[in-house]
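Visitor: I would love a close look at one part of this protein: the aromatic rings that pair with each other. Could you walk me through them?

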Amino acid sequence: MPELTYRRRMLVLAICCMSLLIVSLDNTILNVALPSMQRDFHASLSGLQWTIDAYLVVIASLLLLAGSTADRVGRKRIFQIGLVVFTLGSALCSLAPGLGWLIAFRMLQAVGGSMLNPVAMSIITNTFVDPKERAKAIGVWGGVVGISMAAGPIIGGALVESVGWRSIFWINVPVGLAALVLTARFVPESRAPRARRIDPVGQVLVILLLGTLTYGIIEGTGAGWGSPLIVSCFVVAAAAVLALAGYERRRFDPLIDVRFFRSVPFSGATLIAVCGFAALGGFLFLNTLYLQNDRGLSALKAGLYMVPMAAMCLVFAPLSGRLVGARGPRLPLVLAGITMTASGVLFSAFHAEEHNAELFASYVLFGIGFGLINAPITNTAVSGMPRAQAGVAAAVASTSRQVGSSLGVAVLGAALAAGLHEGAWWIIAGCGAAVLALGVLTTGRWARGTAERTASALMAPEVEKDEMAVSAS
């Protein structure tokens with residue numbers, strides 16, 4: 001892909017951020033609408049969990065396939081298909097006649113969503129080749145999450161109160177269509193130099209792993225943790241992990257190149273994404289139900305209560321990108337871990353929900369932490385990796401986020417169903433502590449050395465494969 005002018009690069013970034021905006025808005029708006037959906041559909045707590053997690057499990061299962069397919073057939077093409085499917089799924093969600101249909105249409109949305117964010121990140125990675133400029137671009141990308149967190153609860157609350165919860169899905173349609181037109185006009189096509197083959201066995205194993213694990217966690221409280229069904233789910237999930245690791249190691253073109261995880265920063269970024277987004281998914285789920293069901297606030301008021309958290313995320317996400325570009329990932333990760341842990345402790349040990357001052361302080365702390373966490377995750381995942389595998393590397397990072405979000409909703413929802421309210425908040429505090437520990441352990445000199453050796457090892461086989469492809473032709 002020829003180098004673009006600065007103005008064109010900024011335009012490509014803006015178009016890619018539009019896809020992130022509709023996906024992120026969809027999640028934050030949906031949380032505000034959950035109590036209204038619960039009343040209309042007479043849904044159980046597990047039904048609400050599936051409204052969120054059906055989307056997250058599908059998108060997490062397909063992100064790697066979307067990333068590798070985009071590298072093969074063209075990132076712009078897959079991005080456009082994703083916009084069409086996501087926009088269609090959003091329109092159908094607004095028409096759902098029952099909870100089952102809503103969950104099904106959410107899964108269709110997820111198929112489109114799997115082709116958006118990781119592919120957009122791959123486009124950004126190939127557009128911004130200078131490391132410092134890329135870090136700043138990723139900071140802007142993270143700032144869009146802050147915008148969605150700030151605007152989502154307010155827009156969602158206003159729509160739910162004035163028009164009804166179905167209207168929350170309408171907002172995706174015009175933004176999706178605009179992004180589709182602009183992509184066709186301004187985003188250049190790019191693909192990996194050598195096409196990677198589809199890995200159907202690996203894809204099935206990923207779906208088995210995420211599907212059975214999430215089902216077991218969500219339904220465990222109702223069915224009984226020792227029931228044959230739930231135990232079987234966890235056994236299948238464990239077997240899928242072992243089979244996936246063994247199979248992918250031997251495959252010529254794996255869905256997940258296990259050599260990525262020899263890089264300590266890459267492995268750390270993956271685990272940090274799981275922990276950080278588990279905390280976010282659980283935090284939003286718990287607070288939405290608490291503010292509307294326990295405090296009796298309207299959807300709009302509940303959204304306004306969450307603004308301090310969203311505002312801090314909006315401020316600190318671009319700041320995190322600049323910190324990563326200037327100082328590296330350690331400082332923002334350490335600060336993120338400290339503030340997210342403190343927020344969880346305020347709820348678990350000091351009952352922050354009982355007093356507005358402590359409640360808002362915990363929201364501010366969590367918003368700062370989550371705002372700081374995105375840029376170092378993404379930058380670490382794609383930096384140093386061969387550009388030919390940028391889509392796969394970005395997809396692994398995105399998959400980790402979605403897996404974390406789904407596990408957060410599943411685990412904390414299960415804790416809530418079991419009556420362990422304080423325990424749920426301690427889980428969030430533990431996720432923050434894990435971010436802090438991993439941020440320190442995976443960003444030192446030794447860790448960077450493993451990343452350099454991994455990048456060299458990944459480059460060599462790619463060169464050999466390219467030479468074999470040329471010889472065969």
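Guide: Here is a tour of one aromatic neighbourhood and its ring pairs.

This is a predicted model, so local features need pLDDT of at least 70 and side-chain atom pairs count only at pLDDT 80 or more, while totals for chains, interfaces and linings use all residues. Residues are numbered from 1 along each chain as its sequence is written, and side-chain values use heavy atoms, with hydrogens and water left out.

Searching the whole structure gives 16 aromatic pairs. Rings of Phe, Tyr and Trp (its six-membered ring) pair if their centres lie within 6.5 Å; planes under 30 degrees apart are stacked, over 60 edge-to-face, and the rest tilted. Phe 283 and Tyr 363 have ring centres 5.9 Å apart and planes at 70 degrees, so they pair edge-to-face. Because Phe 283 sits in helix α10 (residues 264-294) and Tyr 363 in helix α14 (residues 356-382), this pair ties together parts 80 residues apart in sequence. Helices here are DSSP runs (H or I, at least four residues), numbered from the N terminus.

Tyr 363 also pairs with Phe 347, this time tilted, at 6.4 Å centre to centre and 40 degrees between the planes. Phe 347 belongs to helix α13 (residues 330-348), and this pair links distant parts of the chain, 16 residues apart.

As for exposure, buried means under 20% relative accessible area (1.4 Å probe, protein chains only). Tyr 363 counts as buried at 0% relative accessibility, Phe 347 counts as buried at 1%, and Phe 283 is buried too.

Ring pairs link these residues into a cluster with Tyr 305, Phe 360, Phe 366 and Trp 425.

How values were computed: Helix = DSSP H or I, 4+ residues; strand = E, 2+ residues; numbered from the N terminus. Buried < 20%, exposed > 50% of the residue type's maximum accessible area, 1.4 Å probe, protein only.
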